[in-house]
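Open the structure in your viewer and keep the selection tool at hand. Each stop below says what to select and what is there.

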Amino acid sequence: MNNLVVNLLLALAWATLFGSFTLLTLSSGLVVGYLILWLLQPLTGGPSGYFLRVWYWIKLIVMFHYELIVSSVAVLWDIITPSHRARPAIIEMPLDVKTDAGILLVTNLISLTPGTLSIDVSEDRKTLTLHAMFADDPDAVCRQLKDSMEKWVIDAVER
């Protein structure tokens, strides 16, 4: 059986034992189930990609929230200070992400981050057109987005 399904069943069993189906008991059940499955790896046929994928998804969520806070502060600072450092530009970024789900996630994460907006994906799905509020150096913006959001999405979705 799939490790995710087993983990969900363990979380439900955990919540049933406590007699409460709250967010706290279900999330603690997921953590306990994950740890149980991780400890039982030698008995179930060795390491699974599930454990690494969970780690990559946690990393994606945490790092996206960090980027969200940093970019929100940068946009806010530009708004409330008299000197505006915004140099908007339309940038074309080559995509390394291949799957439809990965492309969708990258474009949505970029659009959710203040100061950037996904505009279009090319027909061949190899180029993303985006608007950046702080684009003094368009190559640096592309490099930063590829080394952060796109890399995290590739790790979480395509591995």
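**Stop 1: a loop residue**

Select Arg 125, which counts as partly exposed because its relative accessibility is 43%. This is a predicted model, and the numbers on this tour are computed from it. Arg 125 sits in the loop that joins β2 (116–121) to β3 (127–132). What is the sign of phi at Arg 125? The phi of Arg 125 is positive, about 60°, although the residue is not a glycine. As background, most residues other than glycine have a negative phi.

**Stop 2: a strand residue**

Move on to His 131, which belongs to strand β3. Its relative accessible area is 28%, so His 131 is partly exposed. Now show its contacts, leaving aside the neighbours within four places in sequence. His 131 then touches Pro 88, Ala 89, Ile 90, Gly 115, Thr 116, Leu 117 and Ile 119. For a sense of scale, draw a line from His 131 to Leu 24: the C-alpha atoms are 39 Å apart, and the two residues are 107 places apart in sequence.

**Stop 3: a residue in the first helix**

Select Ala 11 in helix α1. Is Ala 11 buried or exposed? With 4% relative accessibility, Ala 11 counts as buried, because buried means under 20%. Beyond its neighbours within four places in sequence, Ala 11 is in contact with Leu 26, Gly 29 and Leu 30. Phe 21 is 10 residues away from Ala 11 along the sequence, and their C-alpha atoms are 9.8 Å apart.

**Stop 4: a tryptophan in the second helix**

Next, select Trp 38, a residue of helix α2. Trp 38 counts as partly exposed because its relative accessibility is 46%. Add Thr 81 to the selection: it is 43 residues from Trp 38 along the chain, and 50 Å separates the two C-alpha atoms.

**Stop 5: two helices side by side**

Show helix α3 (residues 49–80) together with helix α4 (residues 100–112). Their axes come within 10 Å and cross at roughly 25°. That angle makes α3 roughly parallel to α4, because angles under 35 degrees count as roughly parallel. Which residues make the contact? On the α3 side they are Trp 57, Leu 60, Phe 64 and Leu 68, and on the α4 side Leu 105, Leu 109 and Leu 112. By class, this contact has seven nonpolar residues, with no polar and no charged ones.

**Stop 6: the second largest pocket**

Rolling a probe the size of a water molecule over the atoms shows where empty space is left. The second largest pocket holds about 240 Å³ of space. To find it, select its lining: Leu 4, Asn 7, Leu 30, Val 31, Tyr 34, Tyr 50, Arg 53, Val 54, Trp 57 and Ile 58. Three helices, α1 (3–18), α2 (23–39) and α3, each supply at least two residues of this lining. Which helix gives the most? That is α3, with five residues. Sorted by class, the lining has eight nonpolar residues, one polar and one charged. Two names here have appeared before: Leu 30 lines this pocket and is in contact with Ala 11, while Trp 57 lines it and takes part in the contact of α3 with α4.

**Stop 7: the largest pocket**

End at the largest pocket, which has a volume of about 330 Å³. It is lined by 17 residues, and those closest to its centre are Ser 71, Pro 114, Thr 116, Phe 134 and Gln 144. Thr 116 was met at the second stop, among the contacts of His 131. Helices α3 and α5 (138–158) each give at least two residues to the lining of the largest pocket. The largest share, five residues, comes from α5. By class, the lining of the largest pocket has 10 nonpolar, five polar and two charged residues.

How values were computed
Residues are numbered from 1 along each chain as its sequence is written. This is a predicted model: local features need pLDDT of at least 70, side-chain atom pairs count only at pLDDT 80 or more; totals for chains, interfaces and linings use all residues. Side-chain values use heavy atoms; hydrogens and water are left out. Axes are lines fitted to C-alpha atoms, for helices over the stretch in contact, and angles run from 0 to 180 degrees between N-to-C directions. Helices (H or I, at least four residues) and strands (E, at least two) are DSSP runs, numbered from the N terminus. Angles under 35 degrees count as roughly parallel, over 145 as roughly antiparallel, 65 to 115 as roughly perpendicular and the rest as oblique. Contact means heavy atoms within 4.5 Å. Ala, Val, Leu, Ile, Met, Phe, Trp, Tyr, Cys and Pro count as nonpolar, Asp, Glu, Lys and Arg as charged, and the others, Gly among them, as polar. On a 1 Å grid over the protein atoms alone, a cavity is a set of points where a 1.4 Å probe fits but cannot get out, and a pocket is an open set with protein on both sides within 12 Å along at least five of seven lines; lining residues have an atom within 4 Å of a point. Grid points are joined across faces, edges and corners, and a volume is the space filled by probe spheres set on the points. Buried means under 20% relative accessible area, exposed over 50%, partly exposed in between (1.4 Å probe, protein chains only).
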